[in-house]
Amino acid sequence: MSIRIATAPVSWGIWEMTIDRPDLIPADKYLQTIVEMGYTATETGPPGYFAPDGAAAVERARRYGVELVATFLPLRLDDADGYAEDLAALDRTVAVLEAADDGGLVLLADMETPERARAAGSDDRRRETAWDADTLAHAAERLQRAVEIVRARGLDVALHPHAATHIESADETEAILERTDVGLCIDTGHTIVGGGDPVALARAHTDRLRHVHLKDVDGAVLARLQRGEVDMDEAWPLGIFCEFGAGTVPLQEFLALPEVRSFNGWAVIEQDRVAVTVDDIPAVRASDERNRAHVMGWLT
């Protein structure tokens with residue numbers, strides 16, 4: 001098989017919404033643990049997690065024999081001033097992968113907002129809070145500018161449609177793809193939350209596929225989100241992204257697609273968590289090992 005398997009700090013509660021927590025799993029402990037589990041590649045997590053600068057981050061990962069393959073960064077695409085500030089974070093993000101031997105992939109998304117967290121999971125609420133035509137055009141221009149910045153520094157780049165943002169649903173994703181030439185990261189979990197179908201998305205955009213995030217979605221929590229009983233910020237700690245095989249995502253069908261099996265890139269096993277400490281490592285590790293066993297079984 002061509003597709004390769006990696007992991008990501010978000011499964012261990014390390015992402016842009018938690019990076020300021022004082023009790024995050026230390027970087028060395030994270031790297032030691034994933035190596036013991038058999039991983040040789042990981043995403044970077046938010047800027048500054050592995051080290052203050054790119055060269056030091058790559059050197060830390062290299063000591064464990066781990067390759068840094070991708071990094072995720074949200075941008076305020078509908079806010080000119082906020083977007084300008086986010087370009088500084090983009091510079092730090094790109095610097096980590098620039099220092100890696102084989103470069104890597106920058107994953108860009110729109111920034112989550114409270115309004116869109118309340119809209120997540122509902123076509124009606126998404127339509128009520130959607131960008132107007134002018135805002136969409138400016139957002140696409142800003143995304144394309146970020147894409148060109150990344151490519152000018154020798155790295156590849158992909159759009160990550162994401163729950164609680166203005167690029168969540170299939171229609172919203174198509175609207176941005178039509179207006180840019182950015183690659184695509186298919187996140188199976190966020191696609192389901194957005195009312196889409198990861199199988200159909202992979203078939204429709206095989207030529208733009210650059211990266212895969214494998215997730216499953218808890219049907220009961222998703223139903224609560226769709227009814228508006230909880231918003232996306234509340235759904236995360238409730239476990240909307242569940243263990244593989246227990247949810248509603250057609251992961252086995254997705255991984256059976258020839259377009260996915262022959263994909264010459266990374267599929268990242270992710271089960272997003274909000275609060276994970278060192279004491280939680282055994283339970284998180286056991287869950288991740290079960291997820292990985294499912295994936296490897298489906299790929300054989």
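Q: So a strand is a DSSP E run of at least two residues, numbered from the N terminus. How many form the open sheet here?
A: Eight, and their order is β1-β10-β7-β6-β5-β4-β3-β2, with parallel pairing (at least two DSSP bridges between two strands). Bear in mind that this is a predicted model, where local features need pLDDT of at least 70 and side-chain atom pairs count only at pLDDT 80 or more, while totals for chains, interfaces and linings use all residues. Residues are numbered from 1 along each chain as its sequence is written, and side-chain values use heavy atoms, leaving out hydrogens and water.

Q: Which strands sit at the edges?
A: β1 (4-6) and β2 (41-43), each pairing on one side only. From one strand to the next, the twist averages 25° (axes are lines fitted to C-alpha atoms, with angles from 0 to 180 degrees between N-to-C directions).

Q: How many bridges join β6 and β7?
A: Four, linking residues 183-187 of β6 with 209-214 of β7 in the parallel sense. Ile186, for one, has Val212 in β7 as its bridge partner.

Q: And what does helix α6 touch?
A: Helix α6 (residues 133-152; a helix is an H or I run of at least four) packs on the sheet. It touches β3 (67-75), β4 (105-110), β5 (156-159) and β6 (heavy atoms within 4.5 Å). The direction of α6 makes about 155° with that of β5.

Q: Switching topic, how many aromatic pairs are there?
A: Six in the whole structure (ring centres within 6.5 Å).

Q: Why is the Tyr30 and Phe50 pair called tilted?
A: Their ring planes lie at 45°, with centres 6.1 Å apart, so they fall between stacked (under 30 degrees) and edge-to-face (over 60). Tyr30 is in helix α1 (residues 27-36) and Phe50 in the loop between β2 and α2 (54-63), so this pair links distant parts of the chain, 20 residues apart.

Q: How many cavities of 30 Å³ or more does it hold?
A: Two (sets of points on a 1 Å grid where a 1.4 Å probe fits but cannot get out). The largest has about 210 Å³ of space. It is lined by 18 residues (an atom within 4 Å of a point), and the closest to its centre are Val10, Trp15, Glu16, Phe72 and Glu270. That lining has seven nonpolar, five polar and six charged residues, with Gly counted as polar.

Q: How much space lies in the second largest?
A: About 70 Å³. Its lining includes Thr44, Pro46, Tyr49, Phe50 and Val96. By class there are seven nonpolar, five polar and no charged residues.

Terms used: On a 1 Å grid over the protein atoms alone, a cavity is a set of points where a 1.4 Å probe fits but cannot get out, and a pocket is an open set with protein on both sides within 12 Å along at least five of seven lines; lining residues have an atom within 4 Å of a point. Grid points are joined across faces, edges and corners, and a volume is the space filled by probe spheres set on the points.
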